[in-house]
Every structure is written in structure tokens, then in C-alpha cells.
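Please look over the protein chain shown here. The report below takes it region by region.

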Amino acid sequence: DIENNEIPKVSRKLNQYFLEMIKVDEDQGSLIKKAQINPNYLIQVTGSNEKELDPSVDLNGASRRALTIAFILALTNVSEFIAPNVIDTPLGMMDPMIKKAVLTVLHRESNQLILFLTRSEIRDIENELDEYAGLVTSMINTAHYPNKLVNNPPEQKFISTKTCNCTHREFCTLCEHIGDSDNPLLKYVN
């Protein structure tokens with residue numbers, strides 16, 4: 001049953017999500033045509049002229065991340081297992097169009113989505129985060145002072161993570177990074 005029914009379902013969902021995330025346009029002669037799980041249970045990506053592509057070599061970083069996310073979403077959705085999707089830095093190395101497409105699919109296909117995003121990942125998807133996010137919390141690594149953080153975090157014995165209530169559009173004395181005060185998209189909050 002798994003081989004004959006479930007794996008093909010996962011494969012179809014994988015292909016659907018992946019092509020949507022990387023914005024494949026058949027009319028534009030896309031280099032990537034499909035992704036699937038082959039009979040050996042490996043993820044196979046097919047390019048133009050039915051050429052098999054090696055995902056670890058022939059795909060760029062953004063496409064590899066999108067393929068991984070698409071596979072995880074396909075597995076969870078076909079299995080109908082309800083659980084949070086917790087993903088650390090999923091949007092790295094992606095241009096704004098791909099980031100938006102990946103975030104749209106993740107939001108639509110996840111029951112509860114928890115993303116840990118860097119400031120560079122947030123750039124250019126602020127509006128989508130405004131629309132999709134139910135809760136936003138800022139986290140800082142205290143070891144980033146003084147190279148990345150403006151202010152010395154409160155006294156602590158060990159390197160730690162601190163949180164504040166700032167959104168992706170705000171900064172405070174705890175989470176202020178170098179350059180935040182010059183960024184017109186961010187505002188200072190007390």
C-alpha cells in the first residue's frame with residue numbers, strides 16, 4: 001500500500017509544491033520540469049529534454065532548500081499527521097520572488113508554522129509576514145555583542161538567547177543590530 005499508493009501521492013505533492021515554490025513557468029522554457037520520488041525512494045529532479053539533474057550539484061541553494069521544504073510538506077500532508085512545522089532559516093539564498101512563493105506555500109500547507117528567520121531572510125517579505133504571522137518575536141544571540149548588536153545584553157554568565165516583543169518591523173535596546181537606526185523600514189520601540 002505504501003509503495004503503490006502513498007509514495008506516488010507524496011511524489012505528486014512534492015512536484016506540485018516544488019514547482020510552485022521555484023516559480024516554474026512552462027511557457028518560459030524552464031530548466032526544471034519536475035521533481036519526483038523514483039522507484040529507489042530517491043528524490044529525482046528532471047530538467048529540460050528529460051535530463052536527470054543531481055539536486056546536490058545541479059540545483060542552486062534556493063532550489064535545494066525549496067526541494068527540501070516541498071518534500072517535508074508532501075510527507076506531512078499525505079500522512080495527514082498534524083504537527084507544527086518548525087523550520088530554521090528556510091529562506092536563505094533566495095531572491096524575493098522565490099522567498100514569497102515558498103512562504104505562500106508554507107503558510108497555505110502548514111497547520112502550524114514556526115519559522116526562525118534572519119534579517120536578510122525577512123527582507124522583501126515584510127508585507128507577507130504582516131499578512132500571515134499570528135505572532136512575531138525577536139530573538140538575539142548575546143554572543144553577537146559588540147560585532148552585531150548595538151547594546152551590551154543584560155549581565156549573564158553564559159552565552160544565551162534573549163527575546164523581546166519586537167516584530168520584524170521594529171527594534172529596541174535589547175535587539176537593536178548595527179544599522180537598524182538607519183533602516184527606514186524599522187522603527188524604534190521602547
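## How helix α3 begins and ends

At the start of α3, Asn60 makes a polar contact with the backbone. One of its side-chain oxygens comes to within 3.2 Å of the backbone nitrogen of Ala62. This is a predicted model, so every value here is computed from predicted atoms.

Helix α3 covers residues 61-79. Its 19 residues should span 27 Å, because each residue counts for 1.5 Å. The C-alpha atoms at its ends are 27 Å apart, which agrees. After α3 comes Glu80, with a positive phi near 60°.

## The buried side of α3

Which residues of α3 are buried? They are Gly61, Ala62, Ser63, Ala66, Leu67, Ile69, Ala70, Leu73, Ala74 and Val78. An α-helix has 3.6 residues a turn, so residues three or four places apart point the same way.

The buried residues of α3 have several packing partners. Among the helices, these are α1 (2-21), α2 (55-58) and α4 (96-109). Among the strands, they are β1 (32-37), β2 (43-47) and β4 (84-88).

## Helix α1 and Phe18

Helix α1 has buried residues too: Val10, Ser11, Leu14, Tyr17, Phe18, Leu19 and Met21. Their cover includes β1, β2, α3 and α4. Lys23 follows α1, and its phi is positive, near 60°.

What does Phe18 touch, leaving aside its neighbours within four places in sequence? Phe18 is in contact with Ile32, Ala35, Leu59, Ser63, Ala66, Leu67 and Ala70.

## Two nonpolar cores

In soluble globular proteins, nonpolar side chains tend to be buried together. In this chain, the largest nonpolar core has 32 residues. Phe18, Met21, Ile32 and Val102 touch the most other members. At least two residues of this core come from each of α1, β1, α3 and α4. Helix α3 gives the largest share, eight residues.

Another core lies apart from this one. It has nine residues, including Cys164, Phe171, Cys172 and Leu186.

## From β4 to β5

Strands β4 and β5 (residues 112-116) run parallel, and five bridges join them. Asp88 stands opposite Phe116 in β5. Between the two strands, the chain passes through α4. This β-α-β crossover is right-handed.

Thr89 sits in the loop between β4 and α4. Its phi is positive, near 45°, and Thr89 is not a glycine. Is Thr89 buried, partly exposed or exposed? Thr89 counts as partly exposed, because its relative accessibility is 26%.

Tyr41 is another residue with positive phi, at about 65°, although it is not a glycine. Tyr41 lies in the loop between β1 and β2. Its relative accessible area is 45%, so Tyr41 is partly exposed.

## The loop between β6 and β7

Thr142 lies in the loop between β6 (138-141) and β7 (161-164). Thr142 is buried, because its relative accessible area is 5%, and the cut-off for buried is under 20%. Leaving aside neighbours within four places in sequence, Thr142 is in contact with Leu149, Pro153, Gln156, Phe158, Ile159, Ser160 and Lys162.

Leu149 is in the loop between β6 and β7 as well. At 1% relative accessibility, Leu149 counts as buried. Its contacts, with neighbours within four places in sequence left aside, are Ile140, Asn141, Thr142, His144, Leu174, Cys175, Glu176, His177 and Ile178. How far apart are the C-alpha atoms of Leu149 and Leu59? They are separated by 34 Å, and the two residues are 90 residues apart along the chain.

Pro146 also has its place in the loop between β6 and β7. A cis peptide bond joins Tyr145 to Pro146, with omega about 10°.

## The chain as a whole

The chain holds six helices and nine strands. Its C-alpha trace spans about 60 × 35 × 30 Å along the principal axes. Of the 190 residues, 36% are buried.

Contacts also link distant parts of the sequence. Take the contacts between residues at least 6 apart in sequence: 57% of them join residues at least 24 apart.

Key. Residues are numbered from 1 along each chain as its sequence is written. This is a predicted model: local features need pLDDT of at least 70, side-chain atom pairs count only at pLDDT 80 or more; totals for chains, interfaces and linings use all residues. Side-chain values use heavy atoms; hydrogens and water are left out. Helices (H or I, at least four residues) and strands (E, at least two) are DSSP runs, numbered from the N terminus. The expected span of a helix is 1.5 Å times one less than its number of residues. Buried means under 20% relative accessible area, exposed over 50%, partly exposed in between (1.4 Å probe, protein chains only). Contact means heavy atoms within 4.5 Å. A polar contact is a pair of N or O atoms within 3.5 Å; within protein, one must be able to donate a hydrogen and the other to accept it, and residues adjacent in sequence count only if both atoms are side-chain atoms. Two strands pair if DSSP finds at least two bridges between them. A crossover is right-handed if, with the strands pointing away from the viewer, the path from the first strand over the helix to the second runs clockwise. A nonpolar core is a set of buried Ala, Val, Leu, Ile, Met, Phe, Trp, Tyr and Cys residues joined through side-chain atoms within 4.5 Å.
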